[in-house]
Amino acid sequence: MTPPDEQDARDRALLAAHLGGDRQAFNDLVGRNRQRMWAVALRTLGDPEEAADAVQDACLSAFRAADRYRGDAKVSTWLHRIVVNACLDRIRRTAVRPTVPLPEQPPADPRDVIGEHETGLDVERALAQLPVEQRLAIVMVDLQGLSVEEASTVLGVPEGTVKSRCFRGRARLAVTLSFLRTDGNPDEASAVPPGTAPEGGPT
Amino acid sequence: MSHLDTDALADVLAGLGQPAHLDECADCQTSLTQLSTAMASVTVALAELPDPVVPAHLVERLDAALASERGEQSMAEAPAPSGTPALIAPARSATVTPIDVKSSGLPSWTKAAGGLAVAAGLVVGVVLVANKGGRTRDATSSASAEIARNDTGRAYTKDRAALSGELKALLKGNAPRQEAAPALGAAPLNPTSQQSAKADTRALSDVDALAPLRGKEGLAACLTSLSDPADPGIPRALDYGTFEGQPALLVILPSAKPNTVLAFFVGPACSAADSHLLYYEKVDVP
């Protein structure tokens with residue numbers, strides 16, 4: 001696996017080549033980052049067509065703004081930010097309501113999903129129900145693997161805000177996915193014996 | 001005294017402060033522990049989500065959009081053409097077809113490039129349209145233009161060097177009709193050639209797919225989607241074939257730059273409203 005620094009070095013080299021007139025360089029840069037850009041757009045918008053439009057918008061924005069890349073953040077972080085802005089633009093302009101695409105085929109055995117609240121579809125649905133700010137924070141940190149610092153740069157908010165959004169988003173997902181019951185009956189997996197004080201306190 | 005809600009407990013777990021109430025309330029402490037455990041499960045569930053696969057059509061779409069963007073930037077630096085339509089001499093393997101084309105405003109192919117506004121110097125002229133009455137409900141002004149129409153069935157690709165040679169041959173009228181792309185009603189190919197038979201099957205299906213663009217009206221509507229009323233011009237040539245394996249109509253437009261043409265590959269669904277642009281490239285044809 002290529003170390004992150006080496007990945008960024010390659011991205012920077014491609015960007016420089018593009019600015020130097022290499023007609024293929026930007027396509028190669030997009031190719032290297034396309035998967036991440038698509039994942040961010042799809043998880044943020046939920047709709048594949050909207051996500052495709054957002055990725056295209058982002059690529060063109062990046063192409064036009066290539067000479068304005070300052071180099072203070074990684075190229076992938078810069079591209080992440082452009083995709084996020086493209087997604088937010090679409091949400092604001094079109095009032096996109098995130099939807100979860102239906103699976104192409106039903107599960108081979110319905111018993112595999114009945115009662116199983118950890119299926120990918122359930123998680124995606126729950127993610128789509130989050131407020132967009134929390135959803136973006138979780139997409140960046142938990143799904144894209146960005147550090148809180150990098151996510152802060154991408155989202156343009158302080159690190160404390162990113163952490164708050166991540167934790168609040170995860171808490172909401174915990175409720176939605178029934179990992180945490182809110183009806184007074186503790187979930188079996190997370191029950192604390194009565195009278196037992198939690199050890200160590202919260203982390 | 002009100003207990004801490006889920007958001008407040010989440011902030012505690014995020015290390016963003018600890019309300020005094022938490023120190024005094026066993027129930028909230030219990031809730032905090034339960035939430036911490038549940039959120040750990042959420043983190044695991046999120047980590048197990050598979051990465052979404054980039055659709056193949058998106059890859060092609062991005063390539064086309066970037067190619068189009070490069071073309072717009074190049075053309076924005078070039079002087080605007082005179083806009084005088086040129087008569088095209090019939091190519092040896094081409095048929096000259098009078099086409100009536102109506103102007104319909106800004107090029108819709110720019111939608112493929114992210115909805116960009118057309119620059120004033122953009123050279124995307126296709127057909128000269130005498131829109132004397134402006135766009136009214138009854139305005140149907142149009143002009144005929146003669147365009148060299150080829151039907152080679154050629155399998156075009158993004159290889160720029162190859163594309164340059166192919167377009168040059170096409171414009172000179174030397175482009176051979178593909179052995180595997182007979183016109184409808186033509187004599188059948190030699191059935192002993194397996195390769196040509198396979199290509200024949202492919203070409204016939206391609207011909208069928210492009211049927212909507214073979215008629216006058218369909219073709220005219222498609223060319224309209226590539227027109228720019230501010231910069232009129234007519235195609236130098238057309239060719240029915242495939243692009244990267246997909247049925248495609250090649251439209252060769254003039255460029256302001258000498259020895260250069262603009263090659264547009266559009267899909268079978270090309271219409272006045274949407275060109276269904278598959279690919280665009282600016283090609284040198286010395």
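Over which ring does the charged end of Arg170(A) sit? The ring belongs to Phe167(A), and the charged end of Arg170(A) is 4.9 Å from its centre. That's one of the side-chain close-ups below, and bear in mind that they come from a predicted model.

**View 1. Met140(A) sits among the well-connected members of the largest nonpolar core.** The core counts 82 residues, and Trp78(A), Met140(A), Leu155(A) and Leu173(A) touch the most other members. Set aside the neighbours within four places in sequence, and Met140(A) is in contact with Val40(A), His80(A), Val84(A), Gly145(A), Leu146(A), Ala151(A), Val154(A) and Leu155(A). Leu155(A), then, turns up both in this contact list and among the residues that touch the most other core members.

**View 2. Asp8(A) and Arg12(A) make a salt bridge within helix α1 of chain A.** Across all chains the structure holds 19 salt bridges, and here's one of them: the closest N and O atoms of Asp8(A) and Arg12(A) are 2.6 Å apart. The two residues are four apart in helix α1 (residues 4-19), so about one helical turn separates them. Asp8(A) is buried, at 11% relative accessible area, while Arg12(A) is partly exposed, at 31%.

**View 3. Arg61(B) reaches across to Asp53(A) in a salt bridge between chains.** Their side chains meet at 2.2 Å, N to O. The pair runs from helix α4 (residues 56-77) of chain B, home of Arg61(B), to helix α3 (residues 48-64) of chain A, home of Asp53(A). Both ends count as partly exposed: Arg61(B) has a relative accessible area of 24%, and Asp53(A) comes in at 22%.

**View 4. Arg214(B) pairs with Asp151(B) and also sits over a ring.** In the salt bridge, the closest N and O atoms of Arg214(B) and Asp151(B) are 3.2 Å apart. This one links distant parts of the chain, 63 residues apart: Arg214(B) is in the loop between α6 (194-209) and α7 (216-224) of chain B, and Asp151(B) is in the loop between β2 (143-150) and β3 (155-156) of chain B. Arg214(B) is partly exposed at 22% relative accessibility, whereas Asp151(B) is buried at 14%. As for the ring, the charged end of Arg214(B) sits over Tyr240(B), 4.3 Å from the ring centre.

**View 5. Phe26(A) and Phe63(A) meet edge-to-face.** The structure holds six aromatic pairs over all chains. In this one the ring centres of Phe26(A) and Phe63(A) are 5.3 Å apart and the planes stand at 85 degrees, so the pair counts as edge-to-face. Phe26(A) comes from helix α2 (residues 25-45) of chain A and Phe63(A) from helix α3, so the pair ties together parts that are 37 residues apart in sequence. Both Phe26(A) and Phe63(A) are buried.

**View 6. Phe265(B) and Tyr279(B) form a tilted pair.** The centres of these two rings lie 6.5 Å apart, and their planes are at 40 degrees, so the pair is tilted. Phe265(B) is in strand β6 (residues 260-266) of chain B and Tyr279(B) is in strand β7 (residues 277-284), so parts 14 residues apart in sequence are tied together. Phe265(B) and Tyr279(B) are both buried. Zoom out a little and you'll see Tyr156(B) and Phe243(B) joining Phe265(B) and Tyr279(B) in one aromatic cluster.

Note on methods: Residues numbered from 1 in each chain as written. Chains lettered and ligands numbered in written order. Predicted model: local features only at pLDDT ≥ 70, side-chain atom pairs only at ≥ 80, totals over all residues. Heavy atoms only, no water. Core = buried A, V, L, I, M, F, W, Y, C linked by side-chain atoms within 4.5 Å. Buried < 20%, exposed > 50% of the residue type's maximum accessible area, 1.4 Å probe, protein only. Contact = heavy atoms within 4.5 Å. Salt bridge = Lys/Arg side-chain N within 4 Å of Asp/Glu carboxyl O. Phe/Tyr/Trp six-rings, centres within 6.5 Å; stacked < 30°, edge-to-face > 60°. Lys NZ or Arg CZ within 6 Å of the ring centre and 35° of its normal.
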